[in-house]
Amino acid sequence: MKFFVDTAEIDAIRELNDLGMVDGVTTNPSLIAKSGRDIFEVTKEICDLVEGPVSAEVVATEYDAMLREGEHLAKIAPNICVKVPLTWAGLKTCKVLSAQGTQVNVTLCFSANQALLAAKAGATFISPFIGRLDDINIDGMELIEDIRTIYDNYDFGTEILAASIRSANHMKDAALIGADVATAPPGVIKAMINHPLTDKGLDAFLADATKAGIKIV
């Protein structure tokens with residue numbers, strides 16, 4: 001499973017990228033606003049930093065304006081992936097941009113039917129929002145599983161990008177189901193390394209090494 005980092009913070013992306021944990025980046029207007037920087041400036045810097053797709057989201061809701069914004073965003077760098085909402089205008093934009101050779105991430109997916117439409121429109125990625133479904137007592141992982149089954153049934157090329165990831169368990173479950181990608185905040189990716197038995201075992205090893213006077217160099 002590929003890891004995308006869901007942030008617009010350059011330092012956080014760089015730290016994980018240096019560890020080989022970044023296959024791409026997702027941003028949205030909220031994350032750009034949180035960074036306090038110009039959307040084109042920060043997006044270009046991210047594109048220069050990572051090799052994989054960098055999702056940059058349109059803000060228009062009507063087709064003509066959405067397409068203009070998407071084409072403008074696509075000029076930032078070759079690895080830009082234009083993010084559009086799962087609306088009819090978004091799917092129409094997706095179809096045109098995909099035909100032009102631009103990667104498209106269709107976002108705000110909450111049903112398998114929506115994911116099927118996005119695949120038919122030529123989406124590069126579909127972004128089902130796991131955490132937001134969990135918030136209303138619907139199992140978000142069941143949606144990932146349904147989409148995986150449908151896409152495999154018909155050999156769609158659209159990749160499942162599990163989004164709205166809230167925990168390390170979400171990452172594990174998405175990988176078990178077979179999501180192609182999971183996008184998560186840096187803190188969630190870093191939390192995947194944590195286990196109390198690892199900490200306990202390390203403490204024991206260090207105590208024994210100190211007691212025995214073991215030194216490597």
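This passage describes strand pairing, two loop residues and two surface patches in a predicted model.

Strand pairing is taken up before the surface. Strand S6 covers residues 125–128. Strand S7 spans 159–162. S6 and S7 pair in the parallel sense, over two bridges. Phe125 has its bridge partner in S7, namely Glu159. S7 also pairs with strand S8, which is made of residues 181–184. This pairing is likewise parallel and rests on two bridges. Here Ala162 stands opposite Ala182, a residue of S8. S7 thus has S6 as a partner, and S8 as another. In a regular strand, side chains alternate between the two faces of the sheet.

The segments around helix H8 hold two residues with unusual backbone angles. Helix H8 comprises residues 140–154. Asn137 lies in the loop between helix H7 (130–135) and H8. Asn137 is not a glycine, yet its phi is positive, at about 65 degrees. The relative accessibility of Asn137 is 77%, so this residue counts as exposed. Asp155 is found in the loop that runs between H8 and strand S7. Asp155 also has a positive phi without being a glycine; the value is about 55 degrees. With a relative accessible area of 69%, Asp155 is exposed, because the cut-off for exposed is over 50%.

Charge gathers on the surface in the same region of the sequence. Asp139, Glu142, Glu145 and Asp146 form a negative surface patch. One of these residues, Glu142, is placed in helix H8. Glu142 has a relative accessibility of 48% and therefore counts as partly exposed. This value falls short of the exposed class, which needs over 50%. It still meets the patch criterion, which asks for over 30% relative accessible area and no salt bridge.

A second patch is nonpolar. Ile214, Ile216 and Val217 make up this surface patch. Together these three residues have about 430 Å² of accessible area. Ile214 belongs to the segment after helix H11, which covers 196–212. The relative accessible area of Ile214 is 53%, so Ile214 is exposed.

In short, the model shows parallel pairing of S7 with S6 and with S8. Positive phi angles occur at Asn137 and at Asp155. The surface carries a negative patch that includes Glu142, and a nonpolar patch that includes Ile214.

Definitions and conventions
Residues numbered from 1 in each chain as written. Predicted model: local features only at pLDDT ≥ 70, side-chain atom pairs only at ≥ 80, totals over all residues. Heavy atoms only, no water. Patch = residues over 30% accessible without salt bridge, like charges linked within 9 Å, V, L, I, M, F, W, Y side chains within 5 Å. Areas by Shrake-Rupley, 256 points an atom, 1.4 Å probe, with all protein chains shown as cover. Salt bridge = Lys/Arg side-chain N within 4 Å of Asp/Glu carboxyl O. Lys, Arg positive; Asp, Glu negative; His and termini not counted. Charge placed at Lys NZ, Arg CZ, Asp CG, Glu CD. Helix = DSSP H or I, 4+ residues; strand = E, 2+ residues; numbered from the N terminus. Buried < 20%, exposed > 50% of the residue type's maximum accessible area, 1.4 Å probe, protein only. Pairing = 2+ DSSP bridges.
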